[in-house]
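Dear colleague,

Please find below the structure that I am handing over to you. My notes on it follow directly after.

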Amino acid sequence: MGAKIYQIDPSKCTECVGHYDKPTCVSVCPIDCIKPDPTHSETIDELADKYVRLTSSC
């Protein structure tokens with residue numbers, strides 16, 4: 001809030017698939033401004049695969 005502007009990187013966002021019922025960013029946003037981006041639509045399987053790719057090197 002304030003001068004900070006947060007951006008969601010679609011290449012790193014898994015929409016919290018496998019962790020929460022809905023994305024955490026949507027749950028905590030105080031002004032309901034996070035909307036799906038139709039140019040970055042992914043299936044649940046694609047999001048789960050992305051999660052594995054992003055966390056496999058940890």
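How many salt bridges does the structure hold? The model, which is a predicted one, holds two.

One salt bridge joins Lys 35 to Asp 32, and the closest N and O atoms of this pair are 3.4 Å apart. Both Lys 35 and Asp 32 are exposed.

The other salt bridge pairs Lys 50 with Glu 42, with 3.0 Å between the closest N and O atoms. Lys 50 has a relative accessible area of 3% and is therefore classed as buried, the cut-off for that class being under 20%. Glu 42, by contrast, has a relative accessible area of 29% and is partly exposed, since that class covers values between 20% and 50%.

Lys 50 also appears among the contacts of Thr 14. Leaving aside residues up to four places away in sequence, Thr 14 touches Leu 47, Lys 50, Tyr 51 and Leu 54. Thr 14 is located in the segment that precedes α1 (24-28). With a relative accessible area of 12%, Thr 14 is buried.

Helix α1 itself contains Val 26. This residue, Val 26, is partly exposed, its relative accessible area being 27%. Between Val 26 and Ser 41 there is a separation of 15 residues in sequence, and their C-alpha atoms lie 16 Å apart in space.

With kind regards

Key:
Residues numbered from 1 in each chain as written. Predicted model: local features only at pLDDT ≥ 70, side-chain atom pairs only at ≥ 80, totals over all residues. Heavy atoms only, no water. Salt bridge = Lys/Arg side-chain N within 4 Å of Asp/Glu carboxyl O. Buried < 20%, exposed > 50% of the residue type's maximum accessible area, 1.4 Å probe, protein only. Helix = DSSP H or I, 4+ residues; strand = E, 2+ residues; numbered from the N terminus. Contact = heavy atoms within 4.5 Å.
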